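Biologist: Could you take a close look at the surroundings of the ligand for me, and then set that part in the context of the fold around it? I would like one connected account that I can follow on the structure.

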Amino acid sequence: MVIDTDDSSINGLIFKELIKRGYSLDGDRKIWNIADSKLWYLTSEQAQAYLDLENSKKYGDSMINVEIDFLKKVMPEISDEVLEGDEITLIDIGCGDGKKAVVPINYIKQKAKITYCPIDISSYMVEKAIKNISELKVNKVVNFKWNISDFENMENVTSLLRADGKKLFLLFLGGTIGNFEVHDALYSLRQSMEDGESLLLGVPINNTSEDEDPSKNYNSKSVDFFLGHVLKGIGFKKDEIKFGTRFKNFRVECFYTIQKKKIIHFNDKEIVFNVGDELIVAVSYKYSISDYESSMKLYFSESKFFLNDEKSWALILCKK
Ligand SMILES: C[S@@+](CC[C@H](N)C(=O)[O-])C[C@H]1O[C@@H](n2cnc3c(N)ncnc32)[C@H](O)[C@@H]1O
């Protein structure tokens with residue numbers, strides 16, 4: 001079967017990513033790795049599929065509710081550490097619909113005036129966060145064109161928000177850091193901060209024993225539905241691909257295996273997918289607490305770890 005893609009649409013973007021990254025070989029099977037979170041939120045349908053995933057039982061309990069409950073518990077101590085005066089500027093990086101930021105905001109607003117700035121690659125998410133946080137009646141919600149930014153551009157965005165000389169408090173919650181190489185992400189975050197500023201990172205902790213499989217929380221219809229949009233974007237149909245997950249090299253990999261040969265065209269190029277070829281569309285690194293401890297030492301002058309009772313989630317308060 002031959003699919004023709006068209007330059008102006010998102011399938012062009014995904015096709016270009018495939019060409020740019022290429023594939024590796026496992027025997028004669030091609031393994032394409034296009035695990036970049038930028039491709040997961042290209043349309044409002046994809047962004048909403050993520051928000052629906054957050055509401056699913058398995059993913060919601062292990063990735064969302066666990067962090068919300070823990071934030072409620074530790075916010076009193078965290079706010080004592082970060083509040084210097086009676087005003088604070090909160091930058092919510094990868095804000096999603098803002099539901100996580102609600103917890104620190106509800107706590108801090110009893111003590112200080114809050115300026116809230118959501119940052120996300122998805123305009124759909126930014127709109128949701130702006131709406132949800134505006135309802136909390138914070139002092140100010142920053143609404144400007146840089147709300148829709150890539151993490152890679154954080155350094156430029158934070159410099160605009162610091163214009164009045166006030167220190168920033170950055171939130172990077174939801175285990176989003178796990179979708180990146182940890183050192184790349186920590187380096188960018190650090191570059192976007194000034195001395196004395198704080199960052200609160202929320203990360204799942206890998207405390208599973210060797211015979212447990214942390215990928216099982218990702219093997220669900222809702223994750224398949226969310227990530228399946230990426231391949232739908234280049235013309236794959238449901239019965240042509242099969243969803244799978246595995247834990248390998250400290251990370252959960254979510255991938256699709258090709259069930260039917262398919263050729264995809266874009267401009268003058270084509271890609272042939274054979275039965276058994278694989279496309280990795282998402283990775284989520286699962287580090288142990290000691291891995292995070294050693295990484296933090298490299299980038300921050302201080303870091304304080306808060307670990308929940310189940311030892312499954314850490315909130316790490318870092319100061320530059
Ligand atoms: C795992 S969700 C976390 C959402 C929210 N912080 C939470 O904890 O529920 C990741 C968020 O980061 C955004 N995102 C993903 N890649 C991004 C990138 N490269 N730059 C900016 N935002 C990105 C997504 O649109 C999504 O809203």
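Modeller: A residue is taken to be near the ligand if its C-beta atom, placed from the backbone, lies within 6 Å of it. By that rule 16 residues surround the ligand in this predicted model, and the closest are Ser37, Gly94, Gly96, Ile121 and Gly174. By character, the shell around the ligand divides into six nonpolar, six polar and four charged residues, with glycine counted among the polar ones.

To place this shell in the fold, it helps to begin with the protein as a whole, which has nine helices and 15 strands. Its C-alpha atoms fill a box of roughly 65 × 45 × 35 Å along the principal axes, and its radius of gyration of 20 Å agrees with the value near 20 Å that a compact globule of 320 residues would have. Of these residues, 39% count as buried, and among the contacts between residues at least 6 apart in sequence, 72% join residues at least 24 apart.

One open sheet is built from seven strands in the order E6-E5-E4-E7-E8-E15-E14, with mixed pairing. Strand E6 (140–141) and E14 stand at its edges, and each has a single partner strand, so one side of each is left without a neighbour in the sheet. Within this sheet, strand E4 (residues 87–93) and strand E7 (residues 168–172) pair in the parallel sense over four bridges, and Ile91 has Leu170 in E7 as its bridge partner. Helix H5 (residues 123–134) lies across E4, strand E5 (113–119) and E6, and runs at about 165° to E5.

Towards the other end of the strand order, strand E14 (residues 302–307) and strand E15 (residues 313–319) run antiparallel and are joined by six bridges, with Leu315 in E15 as the bridge partner of Phe306. E14 and E15 form a hairpin with five residues between them, and in the turn Lys311 has a positive phi of about 60°. Lys319 also lies in strand E15; this residue is partly exposed, because 16 other C-beta atoms lie within 10 Å, a count between the 12 or fewer of an exposed residue and the 20 or more of a buried one. Leaving aside neighbours within four places in sequence, Lys319 is in contact with Gly196, Ser198, Phe300, Ser301 and Glu302.

Lys319 also offers a way to gauge the distance to another part of the fold, since Lys319 and Gly244 are 75 residues apart in sequence and 38 Å apart in space, C-alpha to C-alpha. A second open sheet, this one of five strands, has the order E2-E3-E13-E10-E9, again with mixed pairing. Its edge strands are strand E2 (23–26) and strand E9 (241–248), each of which pairs on one side only, and the twist averages 30° from one strand to the next. Eight bridges join E9 to strand E10 (residues 251–258), and the two run antiparallel, with Phe243 standing opposite Tyr256 in E10. Helix H8 (residues 221–232) packs on this sheet, where it touches E9, E10 and strand E13 (278–285), and its direction makes about 130° with that of E13.

Note on methods: Residues are numbered from 1 along each chain as its sequence is written. This is a predicted model: local features need pLDDT of at least 70, side-chain atom pairs count only at pLDDT 80 or more; totals for chains, interfaces and linings use all residues. Two strands pair if DSSP finds at least two bridges between them. Axes are lines fitted to C-alpha atoms, for helices over the stretch in contact, and angles run from 0 to 180 degrees between N-to-C directions. Two residues are in contact if their C-beta atoms, placed from the backbone, lie within 7 Å. The radius of gyration is taken over C-alpha atoms; the globule rule is 2.2 Å times the number of residues to the power 0.38.
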